[in-house]
Amino acid sequence: MPPSKTSYVCLPCRASYKQPYDRERAHRVCPRCAGALIHVGSAFAAPRRRDTAAWRTLSVLLNAGVRFHKSCCGGPGYRPRTLREVKERMAYAERSGEPFARALVRPEPPH
């Protein structure tokens, strides 16, 4: 059986690459810009390259430590898709003291 593939992202290039996962090869390099690729997980679906708002949203998620790994029961769970959803959850995190990564994956932030 061939090794399963997972996604890696280059934020500056707005590019996603599916590559076999290998613990021994932790650092991956973007073939376009030679910058570092971020391991985002196997349940990741990249936005279109020209969708700047979606890539900004993705950048916030990745910089907060949120990834797109499959769970035992399906996909990665809820992930915000718009900057408005990100802002709502970040405001909630600041008010409540909850870590950003946990607030970002809440389906509905408490008001």
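1. Let's start with the pocket. The largest one has a volume of about 370 Å³. Its lining is made of 17 residues, and Ala 45, Pro 47, Phe 68, Pro 80 and Arg 81 are the closest to its centre. Keep in mind that this is a predicted model.

2. What is the lining of the largest pocket like, residue by residue type? It splits into twelve nonpolar residues, two polar and three charged. Phe 68 is worth a second look, as it sits among the residues closest to the pocket centre and also belongs to the largest nonpolar core.

3. On to that core. Eleven residues make it up: Val 9, Val 40, Phe 44, Trp 55, Leu 58, Leu 61, Leu 62, Val 66, Phe 68, Val 86 and Leu 104. Helix α1, residues 52–63, gives the largest share, with four residues. Apart from this core there is another one of seven residues, including Tyr 8, Cys 10, Cys 13 and Leu 37.

4. Which residues does Val 86 touch, leaving out those up to four places away in sequence? They are Thr 57, Val 60, Pro 80 and Leu 104. Leu 104 is a fellow member of the largest core, while Pro 80 is one of the residues closest to the pocket centre.

5. Last, Arg 48. You'll find it in the loop between β3 (38–41) and α1. Is Arg 48 buried or exposed? Its relative accessibility is 59%, so Arg 48 counts as exposed, the cut-off being over 50%. Between the C-alpha atoms of Arg 48 and Leu 83 there are 16 Å, with the two residues 35 apart along the chain.

Key:
Residues numbered from 1 in each chain as written. Predicted model: local features only at pLDDT ≥ 70, side-chain atom pairs only at ≥ 80, totals over all residues. Heavy atoms only, no water. Core = buried A, V, L, I, M, F, W, Y, C linked by side-chain atoms within 4.5 Å. Buried < 20%, exposed > 50% of the residue type's maximum accessible area, 1.4 Å probe, protein only. Helix = DSSP H or I, 4+ residues; strand = E, 2+ residues; numbered from the N terminus. Contact = heavy atoms within 4.5 Å. 1 Å grid on protein atoms, 1.4 Å probe; cavity = no way out; pocket = protein on both sides within 12 Å on 5 of 7 lines; lining within 4 Å. Points joined across faces, edges and corners; volume = space filled by probe spheres on them. Nonpolar A, V, L, I, M, F, W, Y, C, P; charged D, E, K, R; others polar.
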